[in-house]
Amino acid sequence: MRRVGIVDYGAGNMFSVSRGLREVGVKPTWIQDAEDCENVDAILLPGVGAFGESMRQLRARGFDKALLEAARDGKPILGVCVGMQLLFSRSFELGDHNGLGILQGTVVRIEPSPGWPSPNTGWRRVRARRKLDGTPFSKIEDGDAFYFAHSFECQPDDPKAVLLEFEYGGRSVCAAVKAGSVTGCQFHPEISGAAGLKIYRTFFSAT
Amino acid sequence: MNQSIPADRIEGVARLPVRVIPKIELKGDHVVKGIRMEGLRRVGKPYELARAYAAAGADEIFFVDTVASLYGRNNVLPLVSEVSREINLPLTVGGGVRSLEDFREILRAGADKVAINTHAINRPEFITEAAEVFGSQSVVLSLQCKARAGGGWEAYTLNGRERSGRDAVDWAVEAVERGAGEVLVTSIDRDGTRRGPDLALAEAVAAQVVAPVQVGGGISAPEDCAALAARGASAVVIAHMLHFERMSLTDARKALVAAGREVRPLARSGAMK
């Protein structure tokens with residue numbers, strides 16, 4: 001098992017996420033100082049709440065630079081929910097914000113369409129867009145359902161970065177991305193039953 | 001002003017897996033069950049119930065602290081932590097939430113969503129404040145309704161005890177516009193009676209709000225779940241029938257599938273996937 005750090009920037013779902021890690025036998029460390037990103041083998045970036053406010057918190061604590069550096073060093077990073085959205089270049093939630101810029105793409109409001117609730121909250125079946133070997137999703141099966149709760153979606157510039165997608169409003173929406181050592185997961189693995197825990201287990205036990 | 005959303009509002013929702021959510025009401029460290037939200041009976045141990053429901057295919061669990069405003073939250077938070085450690089499902093907690101600090105405390109304990117009612121009606125700005133800090137998806141408006149003599153429904157506060165004077169559907173629309181990510185509609189008239197849910201209420205709210213709508217109060221048979229889903233409910237909330245074992249989660253799921261609805265897939269062995 002590797003040393004896993006959870007970025008502590010006051011995000012609401014920190015505890016939910018750390019509980020998920022404990023379930024798979026990983027004892028997480030809270031990273032409160034950005035420089036401690038260097039002292040862990042893998043980093044988890046949780047997040048719920050407003051994008052702009054989250055970025056403000058991350059910047060204030062120096063995590064923007066530290067995470068960018070960790071990504072450049074090839075350190076595994078997993079962004080969950082808003083944590084995934086923060087990895088991207090730009091978000092239009094409540095304004096126009098710069099994200100961490102680790103993944104290229106934008107975060108936009110899920111286009112409202114008559115008949116489809118917003119936020120998108122509930123269990124959704126995902127579909128693999130490419131082979132999942134070597135990703136944290138390698139043990140999940142096509143058609144597995146996970147728990148989503150979000151009003152914004154990620155649109156990567158490079159469609160090849162998309163790992164998983166789901167159907168919503170008659171379109172395919174990004175559920176997970178991977179580029180280099182950085183993975184993003186729009187749904188919540190920690191509250192997606194056993195299927196979700198498989199993802200954490202795979203990500204955090206890989207050496 | 002209501003956003004009038006046409007009937008095809010129901011169409012998308014019809015293709016999404018319907019959630020079945022057990023509601024566990026707490027008084028101290030016991031599970032209780034209200035009848036029309038007054039008169040509580042002891043039902044069992046909350047931790048055991050939550051675990052059993054999770055193992056049986058519940059999509060989420062909802063805890064209501066019926067005495068938070070009287071005794072504070074010291075009994076409930078440890079329970080929330082214990083349950084959230086054990087089950088890997090979304091956990092919503094409500095009851096007497098009056099401040100952002102209360103909200104944060106509940107999330108810290110391990111819950112994923114917080115249900116608010118009285119304080120939100122008294123100070124609607126609270127909804128927006130909570131949504132901005134914690135995210136809309138963690139803010140659930142608990143809408144407790146009683147039918148009005150002249151038609152329509154009124155929203156009630158204080159766990160169904162006090163009239164607010166507000167039209168329930170109008171208030172639901174406003175709350176979602178202010179940032180509530182979900183609306184949980186409970187019919188006070190039907191709650192605990194097993195007389196069947198208020199379908200007209202479910203339809204009225206689901207047709208008007210953009211956010212997902214959970215509906216509870218009076219479910220009497222598995223078919224009621226399908227009937228609610230047909231009217232736009234994205235989730236059904238069940239207490240009485242489950243606690244007294246007059247219905248199982250499997251029954252509810254089967255009825256939904258029989259009615260052509262989707263439900264969350266579980267592992268073939270029946271264990272939680």
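**Chains A and B: why the labels fit**

Me: To start with chain B in this predicted model, what makes up the contacts with a separation of 6 or more?
Reply: Residues 24 or more positions apart account for 66% of those contacts in chain B. Chain B itself has 12 helices and 12 strands, and of its 273 residues, 61% count as buried.

Me: OK, on to the interface. How many residues of each chain are in contact with the other?
Reply: On chain A there are 33, and they are in contact with 38 residues of chain B. The two chains bury about 3,100 Å² between them, with 57% of that on carbon and sulfur atoms.

Me: Why is the pair B:Glu262 and A:Arg125 called a salt bridge?
Reply: The rule asks for a side-chain nitrogen of Lys or Arg within 4 Å of a carboxyl oxygen of Asp or Glu. Here the N to O distance is 3.7 Å, between the side chains of an Arg and a Glu, so the pair passes the cut-off. The rule finds one salt bridge across this interface, and also seven residue pairs in polar contact, both residues at pLDDT 80 or more.

Me: Which elements of chain A give two or more residues to the side that touches chain B?
Reply: Helix H1 (14–23), strand E8 (120–125), strand E10 (145–150) and helix H5 (193–205). E8(A) gives the most, with five residues. By type, the residues on that side of chain A divide into 16 nonpolar, 10 polar and seven charged.

Me: What makes the buried residues of helix H2 of chain B count as being on the same side?
Reply: First, the list: in H2(B), residues 46–55, the buried ones are B:Pro46, B:Tyr47, B:Leu49, B:Ala50, B:Tyr53 and B:Ala54. They cover an arc of only 165 degrees around the axis, so they sit on the same side of the helix. The general background is that an α-helix has 3.6 residues a turn, so residues three or four places apart point the same way.

Me: And what follows H2(B)?
Reply: B:Gly57 follows the helix, and its phi is positive, near 105 degrees.

Me: Last one, in chain A: how do you know whether A:Ser181 is buried or exposed?
Reply: Buried means under 20% relative accessible area. A:Ser181 has 18% relative accessibility, so it counts as buried. Its place is in the loop between strand E13 (171–179) and strand E14 (182–185) of chain A. Leaving aside residues up to four places away in sequence, A:Ser181 touches A:Ala71, A:Gly74, A:Lys75, A:Pro76 and A:Ile77.

Note on methods
Residues numbered from 1 in each chain as written. Chains lettered and ligands numbered in written order. Predicted model: local features only at pLDDT ≥ 70, side-chain atom pairs only at ≥ 80, totals over all residues. Heavy atoms only, no water. Contact = heavy atoms within 4.5 Å. Buried area = accessible area lost by both parts, 1.4 Å probe. Polar contact = N/O pair within 3.5 Å; in protein donor to acceptor, adjacent residues only side chain to side chain. Helix = DSSP H or I, 4+ residues; strand = E, 2+ residues; numbered from the N terminus. Nonpolar A, V, L, I, M, F, W, Y, C, P; charged D, E, K, R; others polar. Buried < 20%, exposed > 50% of the residue type's maximum accessible area, 1.4 Å probe, protein only. Arc of directions from axis to C-beta.
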